[in-house]
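Reader: Hey, I've got a structure open and I'm a bit lost. Can we go through it bit by bit?
Author: Sure, pull it up and ask away.

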Amino acid sequence: MSNPGPSSSKALKRPREADDATSSKKSKVHPFFNQKRSDVTESAEETPFQWLQPLGPKKTCLHGLNLKPVSSAKVAALDLDGTVIKSELRHGSDWAWWAPAVPKRLKELHEDGYSIVLISNQNLKSAQLATWKEKVAKIAKALESIPFRILAATMKDEFRKPMPGMWCALEKIFEQDGVTIDKEQSYYVGDAAGRVYSKTKKDFASTDRKWALNLDLKFFTPEEYFLGLNPNTTFELPGFNVSTLPQRMSLPLPSSFNLPIPLTTSSSVPEILPTSLPLLPLATTQELVLFVGFPSLGKTSFYQKHFKSAGYVHINQDTLKTRQKCVKAVEEAVKEGRSCVVDNTNRDKATRKFYVDLARKEGISVRCFHFAGSVELAWHNNLYRAFAQPLAETEVRRELIPYTAYITFKDGFEEPNANEGFAEVRRVNFVFDGTEEQRKRWGMWLQITGK
């Protein structure tokens with residue numbers, strides 16, 4: 001097979017119904033039990049398929065091998081349900097090939113030197129997951145001469161498509177074998193492509209297409225790949241993407257991005273408004289600065305960039321745990337003659353009044369910096385920091401902030417106004433600051449729920 005693209009039109013002559021993945025005899029289901037190898041959970045003596053230790057800090061990505069797949073620079077990644085096998089049977093242990101051409105095509109891939117990797121989202125409870133594992137073992141038995149690897153995300157975290165975690169894990173596995181994946185020769189096949197067929201008929205999701213876009217991989221639907229049909233070029237990609245934001249600098253994204261809204265690269269969006277006022281007062285001026293805004297809009301980074309070197313005390317409720325402790329910390333800092341920044345969300349007038357009254361009592365000025373941005377942007381940043389941000393070996397990811405924190409802020413938010421007692425109210429527009437690799441990750445489609 002010289003061409004990794006869709007198979008020939010001969011496949012169209014064979015009706016999909018003619019195929020049945022399972023023989024008349026039911027495949028034997030093998031029990032899971034401990035092996036001498038600590039990473040194997042199914043008997044390698046009874047079946048060539050085996051489950052290895054799950055991947056990730058919380059062991060949420062299942063990892064299985066059929067036979068002994070070789071790490072190749074050429075990777076053919078395929079979704080499982082609705083691509084390799086029929087999705088109608090996904091809730092039980094029975095299964096069938098998606099189309100008659102599937103097993104033959106997988107055999108051709110192996111013969112052409114491709115690493116075959118199945119990529120699947122499986123948000124199942126423990127009992128359902130056990131049944132699903134049995135199904136995978138049956139599929140592997142039907143492919144007894146074809147080595148493949150399977151990765152399956154079981155939770156809503158960095159591994160769940162379209163999040164890039166499963167691909168990143170695959171790259172690390174291959175790197176351990178001294179192999180770098182060649183994306184030009186690799187591709188992904190999936191049915192969640194966001195295709196629109198009519199006003200009432202469309203794909204159930206677009207997460208497979210988004211996953212391929214995130215990773216800059218060529219993308220095929222099962223119809224294109226196995227049946228040789230023409231692509232359906234009408235598709236939707238719902239949800240938030242940073243391409244909709246005005247940027248102060250160009251945002252490098254994978255060349256394969258085909259977004260419905262073009263990137264805005266306007267340089268006319270200032271970070272801080274109004275621009276005519278100095279950011280910091282004279283060094284001799286003592287003041288209290290109040291930050292206001294959603295979590296994950298860069299408030300702490302803004303403090304570190306502009307206020308830390310000027311000696312401002314950093315007061316944060318994530319550290320101190322209660323507002324009462326924050327107010328007390330401000331009072332102590334002010335009595336020591338120091339300026340300070342209250343780095344909390346401070347969503348409403350009642351919350352901000354504690355600090356405004358304290359500043360008035362102590363006879364110092366109080367300013368407000370409103371970090372503007374939508375709930376969609378803030379949640380996107382939260383997902384990036386918790387699941388997608390490239391980290392050094394010694395760095396630890398931030399915990400994901402629950403979505404309820406964002407909705408609570410949105411529902412109770414009152415926009416700050418100078419009438420509350422602020423000497424001035426400044427607006428801070430979110431501007432991503434990072435390396436090219438970090439910017440590329442931040443520019444991905446990031447979601448753990450939705451279509």
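Reader: Okay, which residue in β13 does L273 stand opposite?
Author: That's R427. Keep in mind that this is a predicted model.

Reader: And how do β8 and β13 run, parallel or antiparallel?
Author: Antiparallel, with 2 bridges joining them.

Reader: What's up with the peptide bond joining L273 and P274?
Author: That one is cis, with omega about -5°. P274 itself is found in the loop between β8 and β9. For background, most peptide bonds are trans.

Reader: Cool. What's the strand order in the sheet that has β8?
Author: Going across, you get β8-β13-β12-β9-β11-β10. It's an open sheet of 6 strands, and the pairing is mixed. The edge strands are β8 (272-273) and β10 (313-315), and each of them pairs on one side only.

Reader: Which helix packs on that sheet?
Author: Helix α6, residues 299-306. It touches β8, β9, β10, β11, β12 and β13, and the direction of α6 makes about 150° with that of β9.

Reader: How many bridges join β12 to β13?
Author: There are 5, and those two strands run parallel. As an example of a pair there, A372 has N429 in β13 as its bridge partner.

Reader: And what about β9 and β11, how many bridges there?
Author: 3 bridges, and this pair also runs parallel. V289 is partnered with V341 in β11.

Reader: Switching topics: what does the other sheet, the one with β1, look like?
Author: It's an open sheet too, made of 7 strands in the order β1-β2-β5-β4-β3-β6-β7, with mixed pairing.

Reader: Why do β1 and β7 each have one side without a neighbour in the sheet?
Author: β1 (49-51) and β7 (218-220) stand at the edges with a single partner strand each, so one side of each is left without a neighbour in the sheet. As for twist, neighbouring strands here are turned by 20° against each other on average, ignoring direction.

Reader: How do β2 and β5 pair?
Author: In the antiparallel sense, over 6 bridges. There, L62 stands opposite A152 in β5. Helix α2 (residues 126-142) packs on this sheet, touching β1, β2, β4 and β5.

Reader: Is the phi of L67 positive or negative?
Author: Positive, near 60°, and L67 is not a glycine. You'll find L67 in the loop between β2 and β3. As a general rule, most residues other than glycine have a negative phi.

Reader: Where's P162, and what is the peptide bond from K161 like?
Author: P162 lies in the loop between β5 and α3. The bond from K161 to P162 is cis, with omega near 10°.

Reader: Last topic: how much space lies in the second largest pocket?
Author: About 1,200 Å³. Its lining has 35 residues, and P57, E158, F159, K172 and R397 lie nearest the centre of the pocket.

Reader: Which element gives the largest share of that lining?
Author: α3, with 8 residues. The elements giving two or more residues are α3 (165-176), α10 (375-388) and α12 (436-442).

Reader: What classes of residue are in there, and which domains do they come from?
Author: By class, the lining has 16 nonpolar, 5 polar and 14 charged residues. It draws at least three residues from each of domain 1 (49-227) and domain 2 (272-443).

Definitions and conventions. Residues numbered from 1 in each chain as written. Predicted model: local features only at pLDDT ≥ 70, side-chain atom pairs only at ≥ 80, totals over all residues. Heavy atoms only, no water. Pairing = 2+ DSSP bridges. Helix = DSSP H or I, 4+ residues; strand = E, 2+ residues; numbered from the N terminus. Contact = heavy atoms within 4.5 Å. Axes fitted to C-alpha atoms, helices over the stretch in contact; angles between N-to-C directions. 1 Å grid on protein atoms, 1.4 Å probe; cavity = no way out; pocket = protein on both sides within 12 Å on 5 of 7 lines; lining within 4 Å. Points joined across faces, edges and corners; volume = space filled by probe spheres on them. Nonpolar A, V, L, I, M, F, W, Y, C, P; charged D, E, K, R; others polar. Domains from an automatic or database assignment.
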